Amino acid sequence: RDHPGLRPEYMYSFVQRLRLKMLRMHPPALSLLFVSVIGVIYLLLARIGGGSSSKLLRSSDYKRCGILENSSSLKLSKITELDLKDCDLKELSPAIQHCTNLRKLDVSNNPKLKAFPPELALCIKLDVLFSSGNTGIKTLPSVLGTMPSITRLGWRSGSLTELHATAIPPNVVHLILTNNNIQAMDAEEAFDRLANVRKLMLSHNRIRYLLPTGVAKLKSLELLRLAGNQIGDLP
């Protein structure tokens with residue numbers, strides 16, 4: 001099962017290609033029989049993949065989720081929006097470096113994802129990044145702090161416990177960090193990185209304290225959400 005060729009998505013793709021070939025080469029009756037066999041194989045693949053056929057991605061999803069690994073650098077360079085949500089990713093392919101015109105990236109709902117590759121920094125036009133539901137990542141990836149192009153970062157329903165200043169995109173305008181496990185906002189340097197923020201969503205974390213001198217630096221702030229925290233007094 002660990003061999004790439006035995007992964008359900010690859011086997012499913014192979015079976016689909018074989019089915020189409022059979023339909024072209026053989027009489028309808030034989031093809032019908034083969035399609036029935038395909039159904040059995042599909043159920044077996046579902047069992048390997050996790051118990052039911054509903055857990056197997058559609059072939060269109062395999063194409064979408066495997067675009068970084070299966071596309072030329074030229075094709076990747078032309079992509080402006082990339083949807084990798086719900087792809088069961090364990091890593092974000094370093095091939096992301098070829099997406100030099102990428103403006104929007106969604107890698108939400110990939111709980112096995114543990115980190116972002118440093119190659120992401122080569123996406124110099126990336127403006128919007130969504131990474132919600134990625135509970136395998138405990139702190140913002142440091143590469144984000146090297147990306148001045150990012151103005152909107154959505155990281156809801158994750159496992160973030162703290163914000164390292166060096167990981168905050170320096171020009172972020174909308175920062176959504178609701179439903180995480182952040183415990184404090186007490187680092188002066190973090191607020192320095194939030195100087196351009198207009199919308200800061202921190203509701204439903206575990207924040208007990210907001211640094212008064214830090215909050216005073218949020219000159220552009222228009223909306224702040226803090227519901228569901230443990231803050232006693234606001235500065």
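Me: Which strand does β3 pair with, and over how many bridges?
Reply: Strand β3 (residues 128–130) pairs with strand β4 (residues 152–154), parallel, over 3 bridges. Pairing here requires at least two DSSP bridges between two strands. The model is predicted: local features need pLDDT of at least 70, side-chain atom pairs count only at pLDDT 80 or more, and totals for chains, interfaces and linings use all residues. Numbering starts from 1 along each chain as its sequence is written, and side-chain values use heavy atoms, without hydrogens or water.

Me: What is the bridge partner of leucine 129 in β4?
Reply: Leucine 153.

Me: What is the strand order in the sheet?
Reply: β1-β2-β3-β4-β5-β6-β7, in an open sheet of 7 strands with parallel pairing. Its edge strands are β1 and β7 (223–225), each paired on one side only. From one strand to the next, the twist averages 5°. Such angles run from 0 to 180 degrees between N-to-C directions, with axes as lines fitted to C-alpha atoms, for helices over the stretch in contact.

Me: And how many helices?
Reply: The protein has 7 helices, alongside 7 strands. Along the sequence the pattern reads α-α-α-α-α-β-β-β-β-β-α-β-α-β. These are DSSP runs numbered from the N terminus: helices are H or I with at least four residues, strands are E with at least two.

Me: Switching to cysteines. How many disulfides?
Reply: The structure holds 1 disulfide, counting cysteine sulfur pairs within 2.5 Å. Cysteine 65 and cysteine 87 form it, with their sulfur atoms 1.9 Å apart. The link is left-handed, at -75° about the S-S bond.

Me: Which parts does it tie together?
Reply: Cysteine 65 sits in helix α3 (residues 59–65), and cysteine 87 in the loop between β1 (81–83) and β2 (104–106), so the pair ties together parts 22 residues apart in sequence.

Me: Is cysteine 65 buried or exposed?
Reply: Buried, at 11% relative accessibility. Cysteine 87 is buried too, at 8%. Buried means under 20% relative accessible area, exposed over 50%, partly exposed in between (1.4 Å probe, protein chains only).

Me: Why no bond for cysteine 99?
Reply: Its sulfur is too far away: the closest cysteine sulfur, in cysteine 123, is 5.5 Å off. Cysteine 123 is in no disulfide. Cysteine 99 is buried at 0%, and cysteine 123 is buried at 0%.

Me: What share of the protein is buried?
Reply: Buried residues make up 41% of the 235 residues.

Me: How much area is exposed?
Reply: About 12900 Å², with carbon and sulfur atoms supplying 55% of it. The method is Shrake-Rupley with a 1.4 Å probe; for residues, only the protein chains shown count as cover.
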